[in-house]
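Student: Before we look at the model, could you take me through how such features are read, one at a time?

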Amino acid sequence: MDIALRTVMLGVVLLLLSSSSSSPGVTVPPPNAPCSRCCDHMPPAEGSGDPPTRAEFGQVPEIRTHIDMTILKGDKGDRGDRGTPGKVGHEGPPGAQGVAGSKGSKGHAGPPGDPCKLPHSAFSVARRKSLHSDDAYQAVVFDTVFVNLDGDFDMLLGKFLCRVAGVYFFNVNIHTWNFKETYLHIMQNDTERAIVYAQPSDRSIMQSQSVMLELRPRDAVWLRLFKRERENAIYSDDVDVYITFNGYLIEAGEE
């Protein structure tokens, strides 16, 4: 069966080959003939000239494609993390002064301040007993107090002890004794600053002395009765006040 079918097919092929070789205008190239184009035997077209060479093909303008990236742009992504701050740059030159702004509105009243605290010091003392001179100098002590701010006058010592530095005014009033000399000094520490003096007389009189002194803290101001080289005394009694010693701060200074 297979041999009969192969024989029929071989006959059909041979029949086709013989019909194609006998068709007019068809040339079957002989074996080993070079390959040629079907149009090589035709004359070139008018004005066509020689075919373009490879160099002429090199002069053809280059064609570059352009892709619109906006078409390919995707959606906006999420915001990234904040980067590390950079170093501080150099300070630039000062700019020009700006235009003055408009005046602001009035602010609220502040709380009341503390009252002004001025330093002060003052005393006024008296003695109601007479005093006679002794073999040594005596400090005149007092037994009556009129004014003694902050206790600056020491009643036991009979001395004003400076607490606030500054300029002070002092005044002393005494009553003389008949036929006796009156001889006292206003003392600053151990220095005689002013004298209270009256000569012996058959009449007793009131004597007064005043002085301004600049004191420092812990300075002492007091009255000193002269010693017994002279008959020296001051008079007073329990009924009236004859002997007074006063002082007060005029202007505070730097401590």
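**Reading charged pairs and their surroundings**

Tutor: Let us start with one side chain in this predicted model: Arg-224 is buried, since its relative accessible area is 9%, and buried here means under 20%.

Student: Which residue forms a salt bridge with Arg-224, and how far apart are the closest N and O atoms?

Tutor: The general idea is that side chains of opposite charge can pair when their charged atoms come close. In this case the partner of Arg-224 is Glu-192, with the closest N and O atoms 2.5 Å apart. The pair links distant parts of the chain, for Arg-224 belongs to strand E11 and Glu-192 to strand E9 (residues 191-198), 32 residues apart. Glu-192 counts as partly exposed, at 43% relative accessibility, whereas Arg-224 is buried.

Student: How many salt bridges does the count come to?

Tutor: The count comes to four salt bridges. One of them joins Arg-163 to Asp-152, where the closest N and O atoms are 3.0 Å apart. Because Arg-163 sits in the loop between strand E6 (159-161) and strand E7 (166-176), while Asp-152 sits in the loop between strand E4 (144-148) and strand E5 (153-154), this pair ties together parts that are eleven residues apart in sequence. Asp-152 is buried, with a relative accessible area of 5%, and Arg-163 is partly exposed at 36%.

Student: Which residues are linked with Asp-152 in a network of salt bridges?

Tutor: The network consists of Asp-150, Asp-152 and Arg-163. Asp-150 is located in the loop between E4 and E5 and counts as exposed, at 53% relative accessibility. The backbone of Asp-150 also deserves attention, as its phi is positive, about 60°, although Asp-150 is not a glycine.

Student: Where else should I look for a positive phi in a residue other than glycine?

Tutor: Look at Phe-179, whose phi is near 65°. Phe-179 lies in the loop between E7 and E8 and is exposed, with 60% relative accessibility. The loop between E7 and strand E8 (182-188) also holds Lys-180, whose side chain meets that of Glu-231 in a salt bridge of 3.8 Å, N to O. Since Glu-231 lies in the loop between strand E11 (220-225) and E12, the pair ties together parts that are 51 residues apart in sequence. Lys-180 is buried, with a relative accessible area of 17%, while Glu-231 is partly exposed at 46%.

Student: How should I read a charged residue that is buried yet has no salt bridge, and which one is it here?

Tutor: The step is to look for the nearest side chain of opposite charge, and then for the other surroundings of the residue. Here the residue is Arg-127, for which that side chain is Asp-143, 5.7 Å away; the cut-off for a salt bridge is 4 Å between a side-chain nitrogen and a carboxyl oxygen, so the two do not count as a salt bridge. Arg-127 is part of strand E1 (residues 122-127), and its side chain reaches the backbone oxygen of Ser-130 at 3.4 Å. Leaving out residues up to four places away in sequence, Arg-127 touches Val-140, Val-141, Phe-142, Asp-143, Ser-236 and Ile-243.

Student: What does sequence separation look like for an exposed loop residue such as Asp-135?

Tutor: For such a residue, one compares its place along the chain with its place in space. Asp-135 is located in the loop between strand E2 (131-132) and strand E3 (138-139), and its relative accessible area is 61%. Asp-135 and Phe-226 are 91 residues apart in sequence, but 9.1 Å apart from C-alpha to C-alpha. Neighbours within four places in sequence aside, Asp-135 is in contact with Lys-227 and Arg-228.

Student: Which residues form a nonpolar patch on the surface?

Tutor: The patch is formed by Phe-146, Val-147, Leu-149 and Val-241, which together have about 300 Å² of accessible area. Val-241 lies in the loop between strand E12 (233-235) and strand E13 (243-252) and is partly exposed, with a relative accessible area of 31%.

Student: How do these details fit into the chain as a whole?

Tutor: The protein chain has three helices and 13 strands, and 25% of its 255 residues count as buried. Of the contacts with a separation of 6 or more, 72% are between residues 24 or more positions apart.

Key:
Residues are numbered from 1 along each chain as its sequence is written. This is a predicted model: local features need pLDDT of at least 70, side-chain atom pairs count only at pLDDT 80 or more; totals for chains, interfaces and linings use all residues. Side-chain values use heavy atoms; hydrogens and water are left out. Patches are made of residues with over 30% relative accessible area and no salt bridge: like charges are joined within 9 Å, nonpolar side chains (Val, Leu, Ile, Met, Phe, Trp, Tyr) within 5 Å. Accessible areas come from the Shrake-Rupley method with a 1.4 Å probe; for residues, only the protein chains shown count as cover. Helices (H or I, at least four residues) and strands (E, at least two) are DSSP runs, numbered from the N terminus. Buried means under 20% relative accessible area, exposed over 50%, partly exposed in between (1.4 Å probe, protein chains only). Lys and Arg count as positive and Asp and Glu as negative; His and the chain ends are not counted. A polar contact is a pair of N or O atoms within 3.5 Å; within protein, one must be able to donate a hydrogen and the other to accept it, and residues adjacent in sequence count only if both atoms are side-chain atoms. Contact means heavy atoms within 4.5 Å.
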